[in-house]
Amino acid sequence: MIIADQVLHGRDAVLAAVDHHPYARHMLLREVEPHGYRRDGAVVWLLPEGQRPAAAALGAPGPVLDVCADLVAEGTLGPGQWLNLPGLGPADLAARLPVAQRDEWYFLWTTAAPPPQPGEERVVRLTEADQPALTALIDEAFPSSTSRPGDPGVVGWYGIRDGDRLVACGADRSRGDIGFLAGLTVSPRERGRGLGAALTAAMTRAMLARYDHAALGVYPVNVGAIRLYRRLGFTHTATRNSVRLA
């Protein structure tokens, strides 16, 4: 049985409970009406069936784990489902939840336009005709990327060309109330020339023309990318854990 200080019904209630945190504004689509729980400074919400993650949370890690453990115990959450939780150590997670996989990452965001970068003028919106070139570049430079042409979560693509060759690309995965950059990729032969900075800055500028926040995700081991994003204004950070239940 879930015991909570407050049961939350609907997107507006969840957003109010987390003080309209950018991560929640990104995760919660406008048409989604989640069901959530608030307990001791933590807010956990369930997303519609078939959506990944199945649940997400913000706030105090201990109470987050308490609520998630209750949801697992009652069968609301189960094997194979993904949770997106605050920063937690692997031992803390394993002590409370059946964990098959845990990936730590940073949700970074900004509300300010980045400093102008050399080469920003080369960044263009890509079209359906560019999909073969996008696929070839991603396969070469970022084969593990989850942002691919045809992905329904991608609402647009940006890129840089060198003549007729696509040498950098990035996906617009904006959702909810937040602009979101993903799949930022530069050809291995073109790295070190500032294309990543130009692409990130131009995409951030485009997002902030439509939204009041721009955000992206990055793994902690990607130190060089984090340094670049900080330089471009992504100075706000929320540590996240993507957890697949065993």
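## Exercises on a predicted chain

**Exercise 1. Place Thr204 and describe its surroundings.**

Step 1. Thr204 sits in helix 6, residues 195–208. Helices (H or I, at least four residues) and strands (E, at least two) are DSSP runs, numbered from the N terminus. This is a predicted model, in which local features need pLDDT of at least 70 and side-chain atom pairs count only at pLDDT 80 or more, while totals for chains, interfaces and linings use all residues. Residues are numbered from 1 along each chain as its sequence is written, and side-chain values use heavy atoms, with hydrogens and water left out.

Step 2. Check burial. Thr204 counts as buried because its relative accessibility is 0%. Buried means under 20% relative accessible area, exposed over 50%, and partly exposed in between (1.4 Å probe, protein chains only).

Step 3. List the partners. Contact means heavy atoms within 4.5 Å. Neighbours within four places in sequence aside, Thr204 contacts Thr110, Pro114, Leu181, Ala214 and Phe234.

**Exercise 2. Describe the chain as a whole: its secondary structure, its spans and its burial.**

Step 1. Count the elements. The chain has seven helices and 12 strands.

Step 2. Test the radius of gyration, which is taken over C-alpha atoms. The globule rule is 2.2 Å times the number of residues to the power 0.38. For 246 residues, a compact globule would come near 18 Å; the chain has 19 Å, so the two agree.

Step 3. Add the spans. Along its principal axes, the C-alpha trace covers about 60 × 30 × 30 Å.

Step 4. Turn to burial and surface. Of the 246 residues, 51% count as buried. The accessible surface comes to about 11200 Å², and carbon and sulfur atoms hold 52% of that. These areas come from the Shrake-Rupley method with a 1.4 Å probe; for residues, only the protein chains shown count as cover.

Step 5. Look at sequence distance. Take the contacts between residues at least 6 apart in sequence: 67% of them join residues at least 24 apart.

**Exercise 3. How many positive and negative side chains does the chain have, and how far apart are the centres of the two sets?**

Step 1. Fix the rules. Lys and Arg count as positive, Asp and Glu as negative; His and the chain ends are not counted. The place of a charge is NZ of Lys, CZ of Arg, CG of Asp or CD of Glu.

Step 2. Read the result. There are 25 positive and 26 negative side chains. Their two centres lie 6 Å apart.

**Exercise 4. How many disulfides does a search of the whole structure find?**

Step 1. Recall the bond. A disulfide is a covalent bond between the sulfur atoms of two cysteines.

Step 2. Apply the cut-off: a pair of cysteine sulfur atoms within 2.5 Å. The search finds zero disulfides.

Step 3. Check two cysteines. Cys68 is buried, since its relative accessible area is 0%. Cys169 is buried too, at 0% relative accessibility.

**Exercise 5. Compare two loop residues, Arg191 and Val154.**

Step 1. Take Arg191. It lies in the loop between strand 10 (179–186) and helix 6. Its relative accessibility is 48%, so it counts as partly exposed. Residues up to four places away aside, Arg191 touches Ala141 and Val186.

Step 2. Take Val154. It lies in the loop between helix 5 (131–141) and strand 8 (156–162). Val154 counts as buried because its relative accessibility is 14%. Neighbours within four places aside, it contacts Ser147, Arg148, Ala171, Asp172 and Arg173.

**Exercise 6. Find the backbone exceptions at Pro53, Asp19 and His20.**

Step 1. Recall the usual pattern. Most residues other than glycine have a negative phi, and most peptide bonds are trans.

Step 2. Find the cis bond. It joins Arg52 and Pro53, with omega about 0°. Pro53 is in the loop between strand 3 (42–46) and strand 4 (55–59).

Step 3. Find the positive phi values. Asp19 has phi near 55°, and His20 has phi of about 55°. Asp19 is in the loop between helix 1 (11–17) and helix 2 (22–27); His20 is also in the loop between helix 1 and helix 2.

Step 4. Compare accessibility. Asp19 is exposed at 65%, whereas His20 is partly exposed at 44%.

**Exercise 7. Which residues does His236 touch?**

Step 1. Place it. His236 is in strand 12, residues 236–245, and is partly exposed at 37%.

Step 2. Name the partners. Residues up to four places away aside, His236 touches Phe107, Leu108, Trp109 and Arg230.

Step 3. Set sequence against space. His236 and Leu108 are 128 residues apart in sequence, yet 5.5 Å apart from C-alpha to C-alpha.
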